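Open your viewer and get ready to click along. Each stop on this tour tells you what to select next and what is there.

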Protein chains: 2
Amino acid sequence: MKSNDVPEIVVSRLPLYLQTLNQLLRDGKSVVSSSELGDRLKMTPSQIRRDLSHFGGFGKQGTGYDIISLMESLRSILNLNQIWKVVLIGVGHVGQALLNYDGFSRKGFEIVAAFDESPKVIGKKFGGLEVKSVDLLETAICQIPVDIGAITVPAENAQMVCDRLVKCGIRAILNYAPVALEVPESVQVSNIDPVLKLQKMTYYLK
Amino acid sequence: MKSNDVPEIVVSRLPLYLQTLNQLLRDGKSVVSSSELGDRLKMTPSQIRRDLSHFGGFGKQGTGYDIISLMESLRSILNLNQIWKVVLIGVGHVGQALLNYDGFSRKGFEIVAAFDESPKVIGKKFGGLEVKSVDLLETAICQIPVDIGAITVPAENAQMVCDRLVKCGIRAILNYAPVALEVPESVQVSNIDPVLKLQKMTYYLK
């Protein structure tokens, strides 16, 4: 059912399918055709069928996909049948927004520790979590097995924080700093930078 | 030099090139080869040369790219030789983080107005900007020509806010709400949803 030969672009669309199926479910639907899904996702039905065919057969010709069972399969393929622990480094505005966001836990992610270097936020609570000194990062991560780190520090500190996380065994990094991080091949980085998205859109504006 | 026949995936990499060139410049470099660029961006040199060839010839075989002149060309291709005005709707944690972020203006974007429906934030200032009632959205946008809207409201309000922005003539939307927005074909949407990025990474974790 699962293979690393699946193109990365296909894998990156699976969470989008899950999000859209969830919306359809909330709209009261129980079955969806590939053309309805395509309409919502601005994709062709055949592209959707091809994406899903990487993981086996879903749905039947003419009857469409059963939404709940397709969601269960996607959650299993994406390893979302467990709660993933996340540590967050940098409790400025973005870090605070993430700590206060309740959408993570509902979708399989729990921020278990938050770190900063500033006495202004160390000891304070955000989203119920007390901020620790970044000096304690290594000790804390060794005690709790964590797979994912979220970096929300200023650009100039991001690579150093990244190096420390990698040394602690973190295998996936969500990077909010506007820099390209250097990591070993075994570590994944996903960048969240609104400016990159805006600069792409302005190409088409004019 | 510019054409809408350029594949979207190529366009979406141009801001990344710009970001990396900027880093190289700060590191004191003035020339870069496609293989150095490739190392930084985890791409092959030939992929980079192919991307850039869509926009004419840059650099010479054997001598590499002049960083400043390549950056100038990319900025011009991406229409970044002007300041783009942005309106922001939703001044919760994420909205406040964006209003306090100084990276936008340095990179060609200025948030010129912020709106919310809550009396708790209307009239307050964030990043020097006073939050207005969302009831004034249409009036305000008609007075200042704005091209880009940032949606940072809860998921359940996002489509309604989006519809209002589209009616006001907004042509590009940066959407932080975890929903797929429906827009006319002439309007671009870029989604920023950390959960989608995390769910992609967990596919490879295990």
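**First stop: a loop in chain A**

Start by selecting K42(A), which sits in the loop between α2 (34-41) and α3 (45-53) of chain A; helices (H or I, at least four residues) and strands (E, at least two) are DSSP runs, numbered from the N terminus. This is a predicted model, in which local features need pLDDT of at least 70 and side-chain atom pairs count only at pLDDT 80 or more, while totals for chains, interfaces and linings use all residues. Residues are numbered from 1 along each chain as its sequence is written, and chains are lettered from A and ligands numbered from 1 in the order in which they are written.

Check the backbone of K42(A): its phi is positive, about 55°, although the residue is not a glycine. K42(A) counts as exposed because it has 11 C-beta neighbours inside 10 Å. The cut-offs, with C-beta atoms placed from the backbone, are 20 or more other C-beta atoms within 10 Å for buried, 12 or fewer for exposed, and partly exposed in between.

**Zoom out to chain A**

Now select the whole of chain A, whose secondary structure comes to 9 helices and 9 strands. Along the principal axes, its C-alpha atoms fill a box of roughly 60 × 45 × 35 Å. Of the 206 residues in chain A, 35% are buried. Colour by pLDDT (the predictor's confidence in each residue, from 0 to 100): the mean for chain A is 92, and 97% of its residues reach 70 or more.

**Into the core**

Which residues touch the most other members of the largest nonpolar core? Select I151(A) and I151(B), which hold that place among its 103 residues. Such a core is a set of buried Ala, Val, Leu, Ile, Met, Phe, Trp, Tyr and Cys residues joined through C-beta atoms within 7 Å. Leaving aside residues up to four places away in sequence, I151(A) touches several residues, including I89(A), V161(A), I173(A) and Y176(A); contact here means C-beta atoms, placed from the backbone, within 7 Å.

**Three strands in chain B**

Move to chain B and show strand β8 (residues 172-175), which is covered on both faces. A172(B) and L174(B) lie on one side, I173(B) and N175(B) on the other, and all are buried. In a regular strand the side chains alternate between the two faces of the sheet.

Add strand β7 (residues 148-151) of chain B, which pairs with β8(B) in the parallel sense over 4 bridges; pairing requires at least two DSSP bridges between the strands. I148(B) has A172(B) as its bridge partner in β8(B). Next add β9 (residues 188-191) of chain B, another parallel partner of β8(B), again over 4 bridges. Here A172(B) stands opposite Q188(B) in β9(B).

Finally, show helix α8 (residues 155-167) of chain B: with β7(B) and β8(B) it makes a right-handed β-α-β unit. Right-handed means that, with the strands pointing away from the viewer, the path from the first strand over the helix to the second runs clockwise.

**Last stop: both chains**

Display the two copies together. A turn of 180° and a shift of 0.0 Å along the axis lay chain B on chain A with an RMSD of 0.0 Å, superposed by least squares on the C-alpha atoms of residues with pLDDT of at least 70 in both. That is the relation of a two-fold axis. The same surface serves both copies, as 100% of the contact residues of chain B recur in chain A. For the complex, the predictor gives an ipTM of 0.93 and a pTM of 0.90.

Key
Two residues are in contact if their C-beta atoms, placed from the backbone, lie within 7 Å.
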